[in-house]
Amino acid sequence: MTNHIEALREIIETRRSVRRFTDEEIPREVIEECLRLAILAPNSSNLQPWEFYVVSSENERKQLAAACFQQRAAKTAAVLIAVVGRSKSWKENAQKLLNEWPGDIPPAVESYYTKTVKLLYTQGPLGILGFARKIMMTVVGLFRPVPRGPFSKQGMQTWAAKTCALAAENLMLALKAHGYDSCPMEGFDEKRVRKILGYPSDAFTVMMIGAGKGAADGIYYPRMRFDSKHHVFEV
Ligand SMILES: Cc1cc2nc3c(=O)[nH]c(=O)nc-3n(C[C@H](O)[C@H](O)[C@H](O)COP(=O)(O)O)c2cc1C
């Protein structure tokens with residue numbers, strides 16, 4: 001592979017959270033390609049517990065902007081994308097992976113998607129199986145390394161959110177590489193957003209992304225990060 005570090009560095013360094021966009025639209029094919037790149041993100045067990053709700057129609061954008069507390073990054077965005085996690089789609093997706101597997105399914109893969117994922121992710125009615133697993137793992141964990149989760153609905157949401165956040169970053173970097181800007185947002189009323197977008201019951205909004213062409217005054221503050229010595233530890 002050729003050395004792409006300069007291009008990557010430029011994209012990462014120039015991506016900023018942009019809070020004000022111009023009226024320019026993002027071509028449909030650009031959004032489609034950015035979403036295609038988004039889902040090339042690494043994801044847990046390749047179970048792909050993500051969904052993306054792309055909102056460009058004015059009426060829905062207005063409703064969503066209100067649910068995002070009228071943040072300018074939402075109000076002025078050409079497109080709003082809800083990055084949505086699914087805490088229960090793993091079961092269906094495990095089967096789908098087997099159905100769509102290219103060629104013969106290796107026995108280890110079949111066993112993983114028919115047995116292991118059930119042991120890892122089944123929570124049962126009212127989370128009872130997850131809770132039982134938690135107790136069992138706490139005991140067994142006294143003697144050997146064991147998985148320490150997910151043991152609850154919240155655990156499954158955290159599990160899905162990790163994967164969705166990676167896709168969100170891919171999406172924002174891809175937009176930047178195409179010359180468009182974005183702003184990730186967690187400032188929104190989740191109950192209202194889910195009502196507007198009509199999710200399945202196990203879906204939840206990981207973040208909203210406002211996207212468009214950044215206005216000249218769209219970046220509010222200079223970029224600032226703490227020195228890595230506060231965050232990076234050599235062990
Ligand atoms: C999960 C998440 C939620 C965020 N929520 C908001 C938000 O609601 N509104 C906003 O203006 N910026 C939001 N941001 C953007 C951050 O404020 C921004 O990334 C940070 O200040 C660093 O600036 P930079 O992205 O330009 O490097 C969010 C970022 C992340 C990752």
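Which residues are around the ligand? In this predicted model, the surrounding residues are R15, R16, S17, R19, Q71, C183, P184, M185, E186, G187, R223 and R225. By character, this shell divides into three nonpolar, three polar and six charged residues. Polar contacts to the ligand involve both side chains and backbone. An oxygen atom of the ligand lies 2.8 Å from an N or O atom in the side chain of R19, and an oxygen atom of the ligand is likewise found 3.1 Å from an N or O atom in the side chain of R223. At E186 the partner is instead a polar backbone atom, which is 2.9 Å from a nitrogen atom of the ligand. On its own, the ligand has 620 Å² of accessible area, of which the protein covers 66%.

The protein chain contains nine helices and four strands. Read from the N terminus, these elements follow the order α-α-β-α-α-β-α-α-α-α-β-α-β. Along the principal axes, the C-alpha atoms fill a box of roughly 60 × 45 × 40 Å. According to the UniProt record, an unreviewed entry, residues 12-213 are annotated as "domain: Nitroreductase". Within that range the chain is 49% helix and 14% strand, and the C-alpha atoms at the two ends of the range are 17 Å apart.

The domain assignment divides the protein chain into two parts. Domain 1 is made up of two segments, 17-88 and 153-217, whereas domain 2 consists of residues 91-140. A distance of 28 Å separates the C-alpha centres of domain 1 and domain 2. Contact between the two domains involves eight residues of domain 1 and nine residues of domain 2.

Two local features of the backbone were also examined. Most residues other than glycine have a negative phi, and most peptide bonds are trans. N46, which is not a glycine, has a positive phi, near 55 degrees. This residue is located in the loop between α2 (28-38) and β1 (50-55). The second feature is a cis peptide bond joining G149 and P150, with omega at about 0 degrees. P150 belongs to the loop that runs between α7 (128-140) and α8 (153-177).

Note on methods
Residues numbered from 1 in each chain as written. Predicted model: local features only at pLDDT ≥ 70, side-chain atom pairs only at ≥ 80, totals over all residues. Heavy atoms only, no water. UniProt positions renumbered as here; feature names shortened; annotations may be inferred. Near = heavy atom within 4 Å. Polar contact = N/O pair within 3.5 Å; in protein donor to acceptor, adjacent residues only side chain to side chain. Areas by Shrake-Rupley, 256 points an atom, 1.4 Å probe, with all protein chains shown as cover. Nonpolar A, V, L, I, M, F, W, Y, C, P; charged D, E, K, R; others polar. Domains from an automatic or database assignment. Contact = heavy atoms within 4.5 Å.
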